[in-house]
Amino acid sequence: MDEIDQTIIRELTKDARKPFRKIAMKIGVSTQTVIKRYNEMKTNNIIQIATISIDLNKIGYAGTAHLLIKSSTGKDLTKSFEHIKNTPNIVIATKAIGDFEGYAVLVFKNIEDLFTTILQIRKLSDIGYVDVVFSVPGINTFFPKPLNRKYLGKKSPKSE
Amino acid sequence: MTKPVTIDEIDAKILKTLLLDVRTSFVDIAKDCGVSTNTIVKRYYKLRQSGVITGTSLIVNLDDAGYDFVISTDMNVEPNYEGAILETLNNMPNCIDHFPVVGNYDVHAIFVVRNFQEIDQVRNQIKTQKGITRVRVTAHLSKHGFLPKNLLIQPAENNKNG
């Protein structure tokens with residue numbers, strides 16, 4: 001990654017819809033160069049997701065459940081995770097090592113939603129145990145949250 | 001709690017499209033919906049104004065900064081210490097998110113670290129805080145695991161029955 005790439009990332013971190021033309025002007029290269037660099041960074045998976053963040057409360061979501069998952073003894077979660085990753089409203093899912101073997105975040109509109117999805121996940125054969133904690137509504141309702149803000153000089157937003 | 005905003009099919013389409021790729025041009029979305037580009041632009045700014053869209057988000061590979069691991073920690077905190085613990089977490093440079101939770105644990109925090117030594121450091125730093133009774137550390141295998149395509153965005157149904 002050179003200076004140009006870094007500037008592109010820095011600018012897009014502030015506003016991911018910023019026109020490539022404006023970024024090009026700021027760096028002093030052609031718009032074509034910026035587009036080419038952006039596409040390269042996407043193909044090389046340096047830019048993994050470019051998205052909007054949404055206030056989930058505003059579109060009717062009531063809360064967020066964090067699922068801390070353990071496999072049943074001697075089982076591997078790979079298959080179950082394929083399923084979990086394709087479950088509607090599971091917005092974060094990753095396998096893990098440590099006290100839990102999987103971590104997933106489920107957003108839900110009402111208790112029925114929550115109940116159905118969690119029951120469905122508990123039924124997966126390789127899953128031994130699912131611990132559920134809820135984040136307090138109104139604090140953690142944005143999705144997704146950027147992971148890279150501190151390293152790109154962006155101030156962390158104050159939690160309201 | 002915030003009051004929900006009523007969104008219709010066009011709003012839902014805008015949100016879904018931009019969630020998958022924030023740089024999708026308004027012209028393309030307009031073609032998809034069969035409305036004018038102007039309508040989409042207006043709707044987009046309305047969604048921003050009403051606070052449905054809070055901003056844009058670029059997730060980059062953390063490898064570049066040397067931060068290879070994402071770990072999450074779940075801790076139990078004695079009743080009166082929650083505020084102080086959250087403040088401490090806020091001041092820890094590699095803590096990227098932290099919030100109170102309800103359930104078997106009291107606080108959830110996510111950290112990025114460069115190596116195993118740092119996992120240990122984070123753990124010790126949390127453990128030695130006053131008010132912490134238990135810490136569970138879990139290292140994530142994928143760096144973010146975001147799945148924007150799974151988020152269901154449904155236009156509001158007309159509430160005829162009230």
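**Chain B: an enclosed strand and a shared interface**

Eight of the nine residues in strand β2 (residues 69-77) of chain B are buried (under 20% relative accessible area, 1.4 Å probe, protein chains only), so the rest of the structure largely encloses this strand. Keep in mind that this is a predicted model, where local features need pLDDT of at least 70 and side-chain atom pairs count only at pLDDT 80 or more, while totals for chains, interfaces and linings use all residues. Residues are numbered from 1 along each chain as its sequence is written, chains are lettered from A, and side-chain values use heavy atoms, with hydrogens and water left out.

**Around β2(B)**
- β2(B) runs antiparallel to β4(B), with seven bridges joining them (strands pair if DSSP finds at least two bridges).
- β2(B) and β5(B) are also antiparallel, joined by eight bridges.
- S72(B) sits opposite I110(B) in β4(B) and opposite T138(B) in β5(B).

**Across to chain A**
- β5(B) pairs with strand β3 (residues 90-98) of chain A, antiparallel and over three bridges.
- Here A139(B) in β5(B) stands opposite I97(A).

**The interface overall**
- Contact (heavy atoms within 4.5 Å) involves 70 residues of chain B and 74 of chain A.
- About 6,500 Å² is buried between the two chains, with carbon and sulfur atoms giving 58%; that's the accessible area (1.4 Å probe) lost on being put together, summed over both parts.
- By class, the side of chain B that touches chain A has 39 nonpolar, 22 polar and nine charged residues.
- There are zero salt bridges between the chains (Lys or Arg side-chain nitrogen within 4 Å of an Asp or Glu carboxyl oxygen).

Note on methods:
Nonpolar A, V, L, I, M, F, W, Y, C, P; charged D, E, K, R; others polar. Helix = DSSP H or I, 4+ residues; strand = E, 2+ residues; numbered from the N terminus. Buried < 20%, exposed > 50% of the residue type's maximum accessible area, 1.4 Å probe, protein only.
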